[in-house]
Amino acid sequence: MSPKTLYDKIWDAHVVDTQDDGTCLLYIDRHLVHEVTSPQAFEGLRMTGRTVRAPEKTIAVPDHNVPTTLDREKGIENEESRIQVEALDKNAKDFGVHYYPVSDVRQGIVHIVGPEQGWTLPGMTVVCGDSHTATHGAFGALAHGIGTSEVEHVLATQTLIQKKSKNMKVEITGHLRPGVTAKDITLSVIGATGTAGGTGYVIEYCGQAIRDLSMEGRMTVCNMAIEGGARAGLIAPDEKTFEYVKGRPHAPKGAQWEAALNWWKTLKTDEGAHFDKVVTLKGEDIAPVVTWGTSPEDVLPITGTVPAAEDFKGGKVEAAQRSLDYMGLTPGMKLTDIKIDTVFIGSCTNGRIEDLRAAAAILKGKHIAPGIRAMVVPGSGLVRAQAEEEGLAQIFIDAGMEWRLAGCSMCLAMNPDQLSPGERCAATSNRNFEGRQGRGGRTHLMSPAMAAAAAVTGHLTDVRDMMADAV
Amino acid sequence: MDKFNTLTGIAAPMPLVNIDTDMIIPKQFLKTIKRSGLGKNLFDEMRFTQDGKEIPGFVLNQPAYRNAEILVAGDNFGCGSSREHAPWALLDFGIRCVISTSFADIFYNNCFKNGILPIVLPQEQVDALMEDARKGANARMTVDLEAQTVTTSDGQSFPFEVDPFRKHCLLNGLDDIGLTLEKVSAIDTFEKTAAQARPWV
């Protein structure tokens with residue numbers, strides 16, 4: 001038998017049917033659903049008289065539209081947003097799927113709730129009508145985003161029509177330096193490969209620096225696989241994975257746990273397995289990074305300067321000039337001289353407890369710079385509760401930040417959390433596209449510690465300077 | 001889903017690389033619970049000012065391209081979110097075909113589910129088509145899915161690749177779910193076997 005990659009193994013374990021041209025029917029173990037990309041799919045089921053084939057494998061939670069202000073029990077003001085959340089309430093009830101309504105303490109961003117509740121397990125196929133489904137790959141699950149037609153397809157058949165992607169290996173060797181985080185890894189990879197570098201591939205992240213990451217750090221890395229164009233990102237499960245999963249509400253127990261563990265331990269790439277593309281970065285070479293432009297590939301070390309359009313080639317020249325104009329930046333200026341108006345800490349990329357701890361470590365005993373608006377939005381109600389228990393919430397409040405309820409919030413600004421035109425934001429989210437955080441809003445992506453540092457100084461800041469300060 | 005066979009129409013040039021789904025349909029229009037009616041907001045923030053006035057420089061606002069049915073676009077078209085609202089908006093505007101050097105994976109899949117044909121061609125061929133598109137409304141491009149060719153207004157023809165199954169579905173306007181449900185016994189069998197092998201799932 002020829003050696004297989006981790007992706008090959010999970011794929012092979014889920015093929016229901018293969019056509020002559022290689023098109024496969026792939027079985028889906030977990031289907032996560034949120035309010036924005038599902039209403040048309042449920043409507044499609046109703047119109048055709050179809051049902052949800054496996055409601056016990058389908059988990060729904062509203063996250064994109066929900067207000068994150070403390071008064072949210074009074075309801076959603078925006079009528080369209082309200083209708084969308086109400087539609088999910090009704091669809092979850094009518095079709096009998098697992099549901100965490102806004103009022104449930106377990107509610108949060110779908111990609112944070114899934115792992116938190118133990119729905120996401122190694123070796124599974126996981127899909128959701130959301131591109132950041134890649135997050136779940138941190139468990140060694142094959143997880144990717146799908147469109148609404150595919151959501152309907154999975155609801156009706158518990159399968160997806162798929163062709164296999166190619167295998168890509170991204171290895172991060174060695175160790176990270178102080179102040180460098182999972183977010184810096186994932187941004188640096190995209191900076192190196194470009195946003196289309198992973199198109200047609202499933203990435204397996206490996207190497208010492210990946211193995212050294214916590215599960216939450218691994219989720220941050222896999223979360224942005226899609227920003228590199230890959231269908232999915234994967235990390236082989238190990239003891240850290242099993243430890244994280246064990247005891248979660250929907251994780252297997254007793255004899256089933258032992259059986260699961262036996263299989264999970266086989267989920268790694270065989271020696272000599274073929275990768276179609278290999279990218280290697282040295283952990284020691286990765287610096288704390290920020291984005292300067294309007295594509296997640298516009299990544300530079302914080303010690304760098306704003307590039308000029310002429311620094312690029314081909315179609316990127318026009319795109320870079322457009323980015324500079326949109327971002328209101330002048331080539332040659334130091335990144336650390338870029339003043340900010342707003343700080344957003346949260347999202348499915350960086351809204352977990354360790355992210356909040358990292359931000360709080362920088363903010364402890366400090367206050368945000370005058371005139372800065374800063375909000376911390378936990379990824380779930382349970383993350384929020386834990387942050388309060390650990391005293392992190394109080395650090396944020398004492399620093400002058402807004403401490404919010406769980407949701408996607410200003411990552412995509414579908415709820416009232418938005419930037420105004422020209423407003424500049426240090427964000428821990430995943431996309432710096434034009435208008436992403438609000439029309440005309442300017443987004444710089446970075447790690448939670450870097451965003452916290454920027455909040456304190458009022459400009460993009462090398463967090464390492466502040467760490468030295470703390471010592 | 002409407003069938004796609006041949007299409008002869010105006011092609012609009014959009015050479016910008018990395019046109020993302022937030023550009024194609026900004027998030028404020030994702031609050032709909034319908035699939036239709038998004039064409040008026042296609043490329044909203046590039047097409048209209050904040051107070052709703054047309055931005056004259058934007059290609060689809062130019063008289064020649066108001067009725068475009070084909071887009072010739074820069075690399076990595078449709079990157080970003082999984083929102084199927086992007087192909088819904090393109091379709092509702094009247095775009096049935098997008099040509100680029102590469103597409104983001106989810107967007108590419110979503111196109112086929114909605115009767116839109118995404119065509120991948122090498123850079124120099126996309127450049128030639130971009131030039132042809134710049135000629136305006138009198139230059140009609142022809143896309144023939146059966147023959148797998150794109151032909152410029154002056155008769156230059158480029159063959160393209162398309163997955164045979166997707167081609168078959170597009171030519172016949174087939175519903176994926178209906179096709180898959182024909183294999184329901186295979187799904188039943190798989191579920192039984194998987195429940196034995198991985199009972200914890």
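Me: By class, what makes up the lining of the second largest pocket?
Reply: The lining has 8 nonpolar, 14 polar and 12 charged residues, where Ala, Val, Leu, Ile, Met, Phe, Trp, Tyr, Cys and Pro count as nonpolar, Asp, Glu, Lys and Arg as charged, and the others, Gly among them, as polar. This is a predicted model, in which local features need pLDDT of at least 70 and side-chain atom pairs pLDDT 80 or more, while totals for chains, interfaces and linings use all residues. Residues are numbered from 1 along each chain, chains are lettered from A and ligands numbered from 1 in the order written, and side-chain values use heavy atoms, without hydrogens and water.

Me: Why is the largest pocket called a pocket?
Reply: The name applies because, on a 1 Å grid over the protein atoms alone, a pocket is an open set of points where a 1.4 Å probe fits, with protein on both sides within 12 Å along at least five of seven lines; lining residues have an atom within 4 Å of a point. The largest pocket is lined by 50 residues, with B:N109, B:F112, B:K113, B:N114 and B:D176 nearest its centre. Its space is about 1,400 Å³, a volume filled by probe spheres set on grid points joined across faces, edges and corners.

Me: Which helix gives the largest share of that lining?
Reply: The share of α2(A) is 5 residues; helices are DSSP runs (H or I, at least four residues).

Me: Which residues of helix α2 of chain A are called buried?
Reply: They are A:P39, A:Q40, A:A41, A:F42, A:G44 and A:L45, buried meaning under 20% relative accessible area (1.4 Å probe, protein chains only).

Notes: Buried < 20%, exposed > 50% of the residue type's maximum accessible area, 1.4 Å probe, protein only. Helix = DSSP H or I, 4+ residues; strand = E, 2+ residues; numbered from the N terminus.
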